[in-house]
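Let's take a friendly look at how two parts of one chain meet. Have the structure open as you read.

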Amino acid sequence: MLFNLTDEQLMIQSMVREFSRKVVAPTASERDKTKEFPKKNLKQMGELGLMGMMIPPEYGGEGADTISYVLALSEIAYSCASTAVVMSVQNSIVCESILKYGSEAQKEEFLIPLASGKMIGAFALTEPDAGSDPVSQTTTAVKDGDEYIINGTKRFITSGKNSGAVIVTAKTDESAGHRGISAFLVSKKTPGLVVGHMEDKMGLRASDTTDLIFENCRIPETAILGKEGDGFKIAMSGLDGGRIGIAAQSLGVAQAAFDAAVKYSRTRKQFGCAISKHQGIRWQIADMATQIEAARQLMLSAAAMKDRKEKYTVQASMAKLFASEMVNQITSRAIQMHGGYGFTKDYDVERYYRDARVFTIYEGTSEIQRIVISNNVLKDKRKP
Ligand code: CAA
């Protein structure tokens with residue numbers, strides 16, 4: 001499939017590229033050291049319409065298509081992967097799930113501030129003992145009159161600390177498997193919801209990743225997203241979009257590492273010439289460029305299917321699998337091409353390598369993506 005980007009998509013890409021390189025990039029390395037949440041950048045991104053890109057304007061968004069969104073997200077990831085993951089969770093999982101499943105009152109109260117970037121959102125599915133297998137989660141939501149009482153601990157929650165609202169999944173019927181899971185949209189100010197341990201991570205250090213602890217947390221019954229039992233479906237369809245977003249993050253970081261490696265290879269001299277003149281380096285550059293282009297096409301293809309309202313679950317998994325594995329190879333090669341310098345904090349490739357490592361893990365590991373893809377190819381399901 002050949003992608004002829006529209007004038008509007010090209011305009012969004014170039015606007016975000018300029019913003020990202022001028023505003024986001026200069027402070028990215030410092031943020032990586034200090035772990036400072038990119039509040040100011042995110043506020044500006046909200047003003048530019050980047051925090052609810054695919055949400056219609058009446059709910060505070062931009063009404064853009066998915067292709068424009070992934071192009072924009074890649075541009076932000078090019079400069080700062082920590083900032084990009086916040087944008088990704090906000091746009092793909094949080095805003096889109098509320099748009100699809102939320103009531104008018106929920107859209108009014110939460111979607112408008114989220115999509116306009118005035119509030120940050122989080123998505124809480126994972127638990128200490130339930131990662132790849134979210135059906136085994138143990139958080140419960142028990143009906144009590146016209147309220148639910150939520151109890152449980154969620155783990156590895158992106159923007160757990162800095163968010164104003166969270167989509168949380170919990171069991172409303174413990175005997176019904178995935179059909180017993182429901183999703184709720186909860187204000188972070190709700191008594192009984194506390195931010196727990198903050199992870200000290202290898203990469204994405206300026207994005208906060210925390211536990212969220214629900215202790216007899218009472219929420220009105222109107223806080224449910226969709227209806228009882230919809231939670232697993234809401235999480236899975238949110239993750240479909242999220243996985244295209246991880247492909248976009250992967251692409252952005254890969255392109256940054258590649259550009260840095262090419263630039264370095266032109267200036268670094270060994271054996272009397274620039275190392276870019278050596279065949280070993282040239283072949284690596286050729287392979288890296290090809291891998292990046294392949295990932296770009298998979299990402300755009302999944303995004304185009306989503307825009308055409310086709311079922312795109314498998315293409316999202318393929319894009320996420322290929323792009324996240326690709327960026328780990330590219331960032332590793334970029335360090336290798338920098339030699340000893342690449343192993344120091346003086347060069348951005350060291351940060352790219354650490355940031356990229358989680359892309360094959362979060363929003364479904366590479367192994368989970370292979371389950372989704374092979375189930376589709378074989379038209380039957382793996383044995384548990
Ligand atoms: N969209 C909508 N519904 C879906 C769906 C999708 N993509 N995939 C499955 N479903 C529905 C199915 O239709 C089925 O519903 P019915 O029974 O009503 O027909 C139900 O869900 C169960 O489907 P499966 O039997 O296929 O599910 P499964 O249990 O065999 O496998 C899985 C599911 C793919 C392994 C899934 O558990 C999975 O994706 N696991 C990984 C979880 C994950 O990605 N976690 C990431 C955490 S979030 C995160 O990282 C966010 C962050 O902060 C960055």
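## What counts as a polar contact

A polar contact here is a pair of N or O atoms within 3.5 Å; within protein, one of them must be able to donate a hydrogen and the other to accept it, and residues adjacent in sequence count only if both atoms are side-chain atoms. Please keep in mind that this is a predicted model.

## The domains

The domain assignment divides the chain into domain 1 (7-119), domain 2 (122-229) and domain 3 (233-378). Taken over C-alpha atoms, the centres of domain 1 and domain 3 lie 20 Å apart.

## Where domain 1 meets domain 3

In this pairing, 27 residues of domain 1 contact 32 residues of domain 3. About 2100 Å² is buried between the two domains, and carbon and sulfur atoms give 60% of that area. For a place to start looking, try T66, Y78 and Y101: together they supply 25% of the area that domain 1 buries against domain 3, more than any other three residues.

## Polar contacts and salt bridges

Between domain 1 and domain 3 there are two salt bridges. K306 forms a salt bridge with E96, with the closest N and O atoms 2.8 Å apart. Polar contacts link ten residue pairs across these domains, counting pairs with both residues at pLDDT 80 or more.

## The domain 1 side

Three helices, α2 (28-34), α4 (66-79) and α5 (81-101), each supply at least two residues of the side of domain 1 that touches domain 3. The largest share comes from α5, with eleven residues. Sorted by class, this side has 16 nonpolar, seven polar and four charged residues.

Technical notes. Residues numbered from 1 in each chain as written. Predicted model: local features only at pLDDT ≥ 70, side-chain atom pairs only at ≥ 80, totals over all residues. Heavy atoms only, no water. Domains from an automatic or database assignment. Contact = heavy atoms within 4.5 Å. Buried area = accessible area lost by both parts, 1.4 Å probe. Salt bridge = Lys/Arg side-chain N within 4 Å of Asp/Glu carboxyl O. Helix = DSSP H or I, 4+ residues; strand = E, 2+ residues; numbered from the N terminus. Nonpolar A, V, L, I, M, F, W, Y, C, P; charged D, E, K, R; others polar.
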